[in-house]
Amino acid sequence: MGEKIAAGSFDLSDRQRYRRKLQECLTGLERLLADKRFDRPRNLVGLEIELNLAGADGMPRMMNAEVLERIASHDFQTELGMFNLEVNIAPHRLGGRVFDQLAEELRTGLAYAHRKAQEVDAGIVMIGILPTLSQDDLVSQNLSDVDRYRLLNDEIVAARGEDFTLDIEGVERLSCTASSIVPESACTSVQLHLQVTPERFADVWNAAQAIAAVQIAVGANAPFLFGRELWRESRPPLFTQATDTRPPELQAQGVRPRTWFGERWVTSAYELFEENVRYFPALLPICEDEEPLRVLDEGGVPALRELVLHNGTVYRWNRPVYGVVDGVPHLRVENRVLPAGPTVDDVLANAAFYYGLVRALAEDARPVWRRLPFEDAAANFDAACRYGIDAELRWPRPGRGGGVTTVPAVKLVRDELLPLAAAGLDAWGVERSDRERYLGIIEQRCRRKVNGASWQVETFHRALEAGLGREAALAATTRQYCRLMRQGNPVHTWPTGFPGRPDAQLES
């Protein structure tokens, strides 16, 4: 979806031609896989972080165009809502002190962006959902002025044919409607990329699916939306509902949503691309001039642009990615599970945990996906979103006895998964100091049962107890979050009490 798309309308012939082109792309992908044309992994990691803009008062600022103009860097790009930005970090080789290197680059880039944002009374905030967002903020007038977003919005709205229903029941219940996809922009996330060979793709994707719930449990950071306390990680239900092209009748028939955990373990990357084509109608049927099969016949490598574009409109939490660099095709797993923030150290701790754990599980002689029913993995994801660090998850029993048991997420991470993640980082060649620093942050979150979501909720309730009204408490929580985020210490070390006058620290 990063490609520039000219706004326009589509007719029936466009959709028929696009469907034919998708089938040609699938055939081309199948031939590339059969001919073993893919690049070997270069052990490169990619990192994208979606960001919010908020003022010193903690309220959202609808001015990404002005901020981007001042930042003037290709590393920073627009996102769906006018209060959103995205920062892209150049790929790094996974090894050595890569996480410290990434942390330094992120701190430098974000500090620069924040200084530029302050010139227009805004600031950069890394958080899953900005607590001060209101329904009035997430309206079509606040969609970024970019053709591809407006076209995507128009097509999803047309496919649905009626307002979107947002109905999330958590600690409190939110029930409202929206006339556009702009509520999706409230969800700001971290995307982690890992290039893999076709032979290893299924193992890595299955491993990533199996641990998605664990990632959410330790990393949840989005407990509020429109003034309501919902799930500890409210992004997944919000994203699902805000992009749902299905009216209630299609939902009742079991038609799959475009934001989707999946329904089975896979044996190849091709299966996921083929499922996306088979299950989901095109939203943006834009055809390129390239004839992929002719390109292959002539010894070239096709870009498969129609397939890539369509794949970008199916929002799997672990997405297959096809790309071509220097004339050589490659495959990546894009992990889209994590919320942004709270700090750079927290983001890199989440990344280290993911890259280490996915490697260890993908190479395990007894793969977890052969011992854990997919239905349990999907249920785990739902439980982790609802309860965050307090979630209990289904997981294969240790040892050779077999079977599945229920275990607190923090116990599972500390006793079983952190040692695996450490072994995985060792296999990548990550230096011990990096491994211990960033996995140590995950361990301390589990020991203290604190992550971004639990801190936000605790701080919000302390503010209420101090006598603040609900909106003031959310704004005060956001201001305190921003202050501590900029200090940079991991969230498990953040204070929630307020010395002196109960709300004094909130107001600073």
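**View 1. Lys449, in the loop between helix 14 and helix 15 of this predicted model.** Helices (H or I, at least four residues) and strands (E, at least two) are DSSP runs, numbered from the N terminus. Lys449 has a positive phi, near 55 degrees, in a residue other than glycine. Its relative accessible area is 40%, so Lys449 is partly exposed. Buried means under 20% relative accessible area, exposed over 50%, and partly exposed in between (1.4 Å probe, protein chains only). Residues are numbered from 1 along each chain as its sequence is written. Local features need pLDDT of at least 70, side-chain atom pairs count only at pLDDT 80 or more, totals for chains, interfaces and linings use all residues, and side-chain values use heavy atoms, with hydrogens and water left out.

**View 2. Helix 15 (residues 452-465) and its two ends.** The helix has 14 residues and reaches 20 Å from its first C-alpha to its last. That is close to the 20 Å expected at 1.5 Å a residue; the expected span is 1.5 Å times one less than the number of residues. Asn451 caps the N-terminal end. A side-chain oxygen of Asn451 lies 3.2 Å from the backbone nitrogen of Ala453. Gly467 follows the helix, with a positive phi near 105 degrees. The buried residues of helix 15 include Gly452, Ala453, Trp455 and Phe460.

**View 3. The aromatic pair of Phe99 and Tyr438.** A search of the whole structure finds 16 aromatic pairs. Rings of Phe, Tyr and Trp (its six-membered ring) pair if their centres lie within 6.5 Å; planes under 30 degrees apart count as stacked, over 60 as edge-to-face and the rest as tilted. The centres of Phe99 and Tyr438 are 6.2 Å apart and the planes stand at 55 degrees, so this pair is tilted. The pair links distant parts of the chain, 339 residues apart: Phe99 sits in helix 3 (residues 98-118), Tyr438 in helix 14 (residues 432-448). Phe99 is buried, with a relative accessible area of 0%. Tyr438 also counts as buried, at 0%.

**View 4. The aromatic pair of Trp455 and Trp494.** The ring centres are 5.0 Å apart and the planes stand at 85 degrees, so the pair is edge-to-face. Trp455 belongs to helix 15, and Trp494 to the loop between helix 16 (470-487) and helix 17 (504-507), 39 residues apart. Trp455 counts as buried at 1% relative accessibility. Trp494 counts as buried at 7%.

**View 5. The hairpin of strand 5 (residues 164-169) and strand 6 (residues 173-178).** Three residues join the strands. The strands run antiparallel, with six bridges between them; two strands pair if DSSP finds at least two bridges. Ile168 stands opposite Leu174 in strand 6. Side chains alternate along strand 5. Phe164, Leu166 and Ile168 point to one face and are buried. Thr165, Asp167 and Glu169 point to the other and are not.

**View 6. The cis peptide bond between Gly341 and Pro342.** Omega is about -5 degrees. Pro342 lies in the loop between strand 13 (328-335) and helix 11 (344-362).

**View 7. Residues 499-508, where pLDDT stays under 50.** pLDDT is the predictor's confidence in each residue, from 0 to 100. The chain mean is 94, and 96% of residues reach 70 or more. For residues 499-508 the model has 23 contacts (heavy atoms within 4.5 Å) beyond four places in sequence. Where pLDDT is low, the predicted coordinates should not be read in detail.

Technical notes:
A polar contact is a pair of N or O atoms within 3.5 Å; within protein, one must be able to donate a hydrogen and the other to accept it, and residues adjacent in sequence count only if both atoms are side-chain atoms.
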